[in-house]
Each structure stands twice: as C-alpha cells, then as structure tokens.
Amino acid sequence: MDIYLGGNRVHFRVHQKLLCQASPVFDRMFNGGFEEAANKSAGLPEDDPESFDSFSRWLYRDKLDEMDLSAPKTDSGPLWDRIKLYCFAEKYCIDSLADIAMDTIIPAYSDENFTPSAHSMCLVYDNTSEGSRLRLYMARSFAYRLVCLHVDVPRELLERLASISDFPRDVF
C-alpha cells in the first residue's frame, strides 16, 4: 500500500495485511468498496508523517523506539512526538499502540514539578475524542498544577483552555 501523508505528501509503502490487521479504519479503507482499495493507495493530508513513521516502525517491530526522557519536555522533541503518535493511534483505532504510547507518556511527566504545557493540552483536545485517556490525563495534570503546585496560570492560557468545551468538565 502506498500512503501519502501531510501537505507535502510524504510517501510510505506498507504491507496491506499488516496495516489492515493493526487498524479497523485501514481495514475498511483498503478492503472495502472505497477508492483507496482499488488504487492501493491513500492520501492522509491531515496526518503527521513523523507519527506515521513511528507507527510503521512499531507495526513491523512490535515495539516503539525508546524515548529519551532526559530530553527537554517542550512542545517539540520526543515527548511531543509521542503525544502526536497517541493522537494518531486513537484516530485510527489502534488501541494497542495508544496503550503503549500512553505507558511512555506518563513516566515522561513523572517529575512532580512538571506538567503538560497548554500547547500539549490543546493538541490533545484538538486531536482526540471525548473520554480519551490522554485527555483525562492532561486535565488531571492541569488540576494538579492548580491545586497542589499552586502555579499561576496566565489569563490567556485559561481563556484558551476554557474555549475547549470538554476541558473544564474534565478538569472539574
């Protein structure tokens, strides 16, 4: 199967059987009556090529690359990439990959004085569904930040987070 990702149409070639066994979404796409099945290719312009690359390596090796937990926990780098991978896994109903990603995200935030950034929280809420485990983790981390760490949250950040309809409910 030929998969083209992102606005630049980064090309990946993946075995159909592996892809379809991993994801019911891909299974329906490539084994159903869709154009992708006839063409043996799909364009996924909204999806991140780096996340698909991590997914495809996991698909063939049945494990994720090690994440460097000593790397800065910012809105880029290995933790950011792992959060995007979780979002990809949830979107395509790849539960086992989402579980593994989640199992590596939580320890990355294990330092009690470090919580997810607002940008990370927004990424998660923009790319996951209601009730997502990563959404709930982000909301609970935010509540911990407010209640236990007594961290002041800038007004603009509160307004941005409050604009996400599910976020206040998940926090409270």
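At what angle do helix 5 (residues 78-91) and helix 6 (residues 95-108) pack, and how far apart are their axes? In this predicted model, the two helices meet at an angle of about 150°, and 9 Å separates their axes. Because angles over 145 degrees count as roughly antiparallel, helix 5 and helix 6 are assigned to that class. The crossing of helix 5 past helix 6 is left-handed. Helix 5 contributes Leu79, Arg82, Ile83, Leu85, Tyr86 and Ala89 to the contact, while helix 6 contributes Leu97, Ala98, Ala101, Met102, Thr104, Ile105 and Ala108. By residue class, this contact between helix 5 and helix 6 comprises 11 nonpolar residues, 1 polar residue and 1 charged residue.

The model also contains an open sheet of 3 strands, arranged in the order 2-1-3 with mixed pairing. Strand 2 (10-13) and strand 3 (41-44) occupy the edges; each has a single partner strand, and therefore one side of each lacks a neighbour in the sheet. On average, and with direction ignored, neighbouring strands of this sheet are turned by 20° against each other.

The mixed character of the sheet is apparent from the pairings of strand 1. Strand 1 (residues 2-5) runs parallel to strand 3, to which 4 bridges join it. Within this pairing, aspartate 2 lies opposite serine 41 of strand 3, and leucine 5 lies opposite leucine 44 of strand 3. With strand 2, by contrast, strand 1 pairs in the antiparallel sense, again over 4 bridges. Here aspartate 2 faces arginine 13 of strand 2; aspartate 2 thus stands opposite a residue in strand 3 and opposite a residue in strand 2. Strand 1 and strand 2 form a hairpin in which 4 residues lie between the strands, and glycine 6 in the turn adopts a positive phi of about 75°.

Two helices that pack on the sheet were examined next. Strand 1 and strand 3 are joined by 4 bridges, and helix 2 (residues 24-31) packs on the sheet with contacts to both of these strands. The direction of helix 2 makes about 130° with that of strand 3. Helix 4 (residues 49-61) likewise packs on the sheet, touching strand 1 and strand 2, and its direction makes about 15° with that of strand 2. Strand 1 is accordingly touched by helix 2 and by helix 4.

Terms used:
Residues numbered from 1 in each chain as written. Predicted model: local features only at pLDDT ≥ 70, side-chain atom pairs only at ≥ 80, totals over all residues. Heavy atoms only, no water. Pairing = 2+ DSSP bridges. Axes fitted to C-alpha atoms, helices over the stretch in contact; angles between N-to-C directions. Contact = heavy atoms within 4.5 Å. Parallel < 35°, antiparallel > 145°, perpendicular 65-115°, else oblique. Left-handed = near helix turned anticlockwise from the far one by under 90°. Nonpolar A, V, L, I, M, F, W, Y, C, P; charged D, E, K, R; others polar.
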